[in-house]
Amino acid sequence: MPEFENLWSGGPLFVQAEHFRLSTDCVLLADFVNTPGTARGIDLGCASGAAALLLLWRSPGLHMTGLEIVPAAAELARENMEANSLSERSSILCGDIRRHRELFRSGSFDLVVANPPYFPVGSGRTSADAARAAARGELQCSMEDICAAAAFLCRTGGSVNFVHKPERLSELFCRMSACGIEPKRLRMVVHRADSAPSLVLVEGRRGGRPGLRIEPALVLRNPDGSETDEVLKIYHRS
């Protein structure tokens with residue numbers, strides 16, 4: 001049996017998949033997403049369901065679908081939902097993002113979130129572990145695939161949210177715009193206030209008008225190395 005632990009005191013129960021550890025990226029993405037006014041969301045490449053679980057925990061009116069290609073991870077996502085009595089508000093499917101048209105109807109969701117593979121094929125070392133390699137690199141799903149799926153699944157006016165690497169921000173914006181998703185909100189994540197960004201959080205609007213709002217950077221650490229007040233709040237440590 002999986003060994004569940006609370007993500008924070010009094011928070012949701014969660015057990016991690018072997019190849020998909022709960023990451024800062026996932027937690028920050030879930031915190032970044034605006035859920036008011038959304039009824040149905042989907043997490044593309046949900047792994048063990050952490051982002052969907054965090055969104056459901058804070059948004060009682062939300063239903064989340066998770067799409068995950070690795071059967072063991074999808075099953076663990078189902079168990080995480082069941083452990084928190086969220087089975088009726090969630091649906092976990094084992095399937096390929098590239099086959100989204102076969103799995104869902106167009107415009108089925110108000111909200112799309114994705115923590116996609118960061119690295120294009122041929123960049124850097126590839127893990128010998130197939131599942132880990134697919135999670136880190138675009139072996140099974142490219143940025144173009146993710147954006148195409150998000151555009152098809154999100155209704156007009158709906159919200160599409162990504163976490164990605166800053167060095168691919170220009171490419172991400174181009175891919176989003178080409179698919180009819182207008183970048184509307186950007187937040188950089190920096191380790192310290194004087195550091196270069198390590199992550200970017202992006203919200204787009206399906207069929208939205210041009211106009212990008214750049215929010216203040218999310219700073220992870222104070223000058224003395226301690227976590228900032230905002231990080232403590234995100235992780236429910238304050």
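Residues are classed as buried when their relative accessible area is under 20%. In this predicted model, buried residues make up 47% of the 238 residues in the protein. The secondary structure comprises eight helices and 11 strands. Among contacts between residues at least 6 apart in sequence, 71% join residues at least 24 apart.

The largest nonpolar core contains 35 residues, of which Leu28, Leu55, Met64, Met81, Val113, Val189 and Leu201 touch the most other members. At least two residues of this core are supplied by each of helix 1 (24-32), helix 2 (50-58), helix 3 (71-83), strand 6 (109-114), strand 9 (197-206) and helix 8 (229-234). Helix 2 provides the largest share, seven residues. A second, separate core of 28 residues includes Ile42, Phe104, Val112 and Phe162. The surroundings of leucine 201 were examined individually: with residues up to four places away in sequence not counted, leucine 201 touches Leu28, Leu29, Phe32, Phe162, Val163, Arg185, Leu186, Arg187 and Val189. Phe162, a member of the second core, is thus among the contacts of Leu201, itself a member of the largest core.

Helix 1 is largely enclosed by the rest of the structure, because seven of its nine residues are buried. These residues are Asp25, Cys26, Val27, Leu28, Leu29, Ala30 and Phe32. Serine 23 lies in the loop between strand 2 and helix 1. With a relative accessible area of 24%, serine 23 is partly exposed, a class that begins where the 20% limit for burial ends. Serine 23 and alanine 50 are 27 residues apart in sequence, and their C-alpha atoms are 9.1 Å apart in space.

Helix 3 was considered in further detail. At 1.5 Å a residue, its 13 residues should span 18 Å, and this agrees with the 18 Å between its end C-alpha atoms. The buried residues of helix 3 are Ala73, Ala74, Leu76, Ala77, Asn80 and Met81. Viewed down the helix axis, these buried residues fall within an arc of 160°, so they line one face of helix 3. An α-helix has 3.6 residues a turn, so residues three or four places apart point the same way. The buried residues of helix 3 pack against strand 2 (13-14), helix 2, strand 4 (63-68) and strand 5 (90-94). Turned away from this buried side is a face that carries the exposed residues Pro71, Ala72 and Glu82. Glutamate 79 also lies in helix 3; it is partly exposed, with a relative accessible area of 24%. The C-alpha atoms of glutamate 79 and phenylalanine 14 are 8.8 Å apart, although the two residues are 65 residues apart in sequence.

The loop between helix 3 and strand 5 contains serine 85 and leucine 86. Serine 85, just after helix 3, has a phi near 55°, a positive value in a residue other than glycine. Serine 85 is exposed, with a relative accessible area of 68%, whereas leucine 86 is buried, with a relative accessible area of 6%. Leucine 86 touches Leu53, Leu56 and Met81, not counting residues up to four places away in sequence. Met81 is also one of the buried residues of helix 3. The C-alpha atoms of leucine 86 and methionine 64 are separated by 9.6 Å, and the two residues are 22 residues apart along the chain.

The second largest pocket holds about 490 Å³ of space. It is lined by 22 residues, and those closest to its centre are Leu7, Trp8, Val27, Leu54 and His236. Strand 1 (5-6), helix 1, helix 2 and helix 8 each contribute at least two lining residues. Helix 2 gives the most to this lining, with four residues; helix 2 also provides the largest share of the largest nonpolar core. Val27, one of the residues closest to the pocket centre, is among the buried residues of helix 1. Histidine 236, in the segment after helix 8, has a positive phi of about 60° although it is not a glycine. Histidine 236 is partly exposed, with a relative accessible area of 43%.

How values were computed. Residues are numbered from 1 along each chain as its sequence is written. This is a predicted model: local features need pLDDT of at least 70, side-chain atom pairs count only at pLDDT 80 or more; totals for chains, interfaces and linings use all residues. Side-chain values use heavy atoms; hydrogens and water are left out. A nonpolar core is a set of buried Ala, Val, Leu, Ile, Met, Phe, Trp, Tyr and Cys residues joined through side-chain atoms within 4.5 Å. Buried means under 20% relative accessible area, exposed over 50%, partly exposed in between (1.4 Å probe, protein chains only). Contact means heavy atoms within 4.5 Å. The expected span of a helix is 1.5 Å times one less than its number of residues. The arc is that of the directions from the helix axis to the C-beta atoms. On a 1 Å grid over the protein atoms alone, a cavity is a set of points where a 1.4 Å probe fits but cannot get out, and a pocket is an open set with protein on both sides within 12 Å along at least five of seven lines; lining residues have an atom within 4 Å of a point. Grid points are joined across faces, edges and corners, and a volume is the space filled by probe spheres set on the points.
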